[in-house]
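Work through the exercises below with the sequence and the 3D structure open. Try each task before reading its solution.

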Amino acid sequence: MRTGDSVTLDWTTPEKTTDGLKVPSALTAEICRQLAAHASPCTPVKRVPVKPGPSEASDALPGSLTAEPATLVTYRVKILNANGHSAGLSNPAFAAAGAAP
């Protein structure tokens, strides 16, 4: 959800690995942002420590995304274990960029 010049993402960090094993409590969520109008890669913008269960992170939009023209921004989350391994990117979440209403 976008509020002002910040986008807040909420998700549930898994309690089990893709192999069905309990995940360790020390995990990192890597948040990436992608401009939907461009075929650009999803660029990491933030890393936050997370635990299994409800999780949240906020992304302060840079000045280039708080002015016109309006555009769609795609976010994805990748959960990393202590060894930096991940099951991959989450499904996309979308937010509007441009001047705040």
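The exercises that follow deal with salt bridges.

The model is predicted, so local features need pLDDT of at least 70, side-chain atom pairs count only at pLDDT 80 or more, and totals for chains, interfaces and linings use all residues. Residues are numbered from 1 along each chain as its sequence is written, and side-chain values use heavy atoms, with hydrogens and water left out.

**Exercise 1.** Find the salt bridge between R47 and E30, and place both residues.

Solution.
- Apply the criterion: a side-chain nitrogen of Lys or Arg within 4 Å of a carboxyl oxygen of Asp or Glu.
- For R47 and E30, the N to O distance is 2.9 Å.
- R47 belongs to strand β4 (residues 43-50) and E30 to strand β3 (residues 27-35), 17 residues apart; strands are DSSP runs of E, at least two residues, numbered from the N terminus.
- Relative accessible area is 55% for R47, which is exposed, and 11% for E30, which is buried. The classes are buried under 20%, exposed over 50% and partly exposed in between (1.4 Å probe, protein chains only).

**Exercise 2.** Which strand holds K78, the other residue to examine with E30?

Solution.
- K78 sits in strand β6 (residues 71-80), 48 residues from E30.
- The closest N and O atoms of K78 and E30 are 3.7 Å apart, a salt bridge.
- K78 is partly exposed at 25%.

**Exercise 3.** Are D59 and R33 buried or exposed?

Solution.
- The side chains of D59 and R33 form a salt bridge at 2.9 Å, N to O.
- D59 is in strand β5 (residues 53-60) and R33 in strand β3, so the bridge ties together parts 26 residues apart in sequence.
- Both D59 and R33 are buried.
- Elsewhere, shared partners join E30, R47 and K78 into one salt-bridge network.

Technical notes:
Helices (H or I, at least four residues) and strands (E, at least two) are DSSP runs, numbered from the N terminus.
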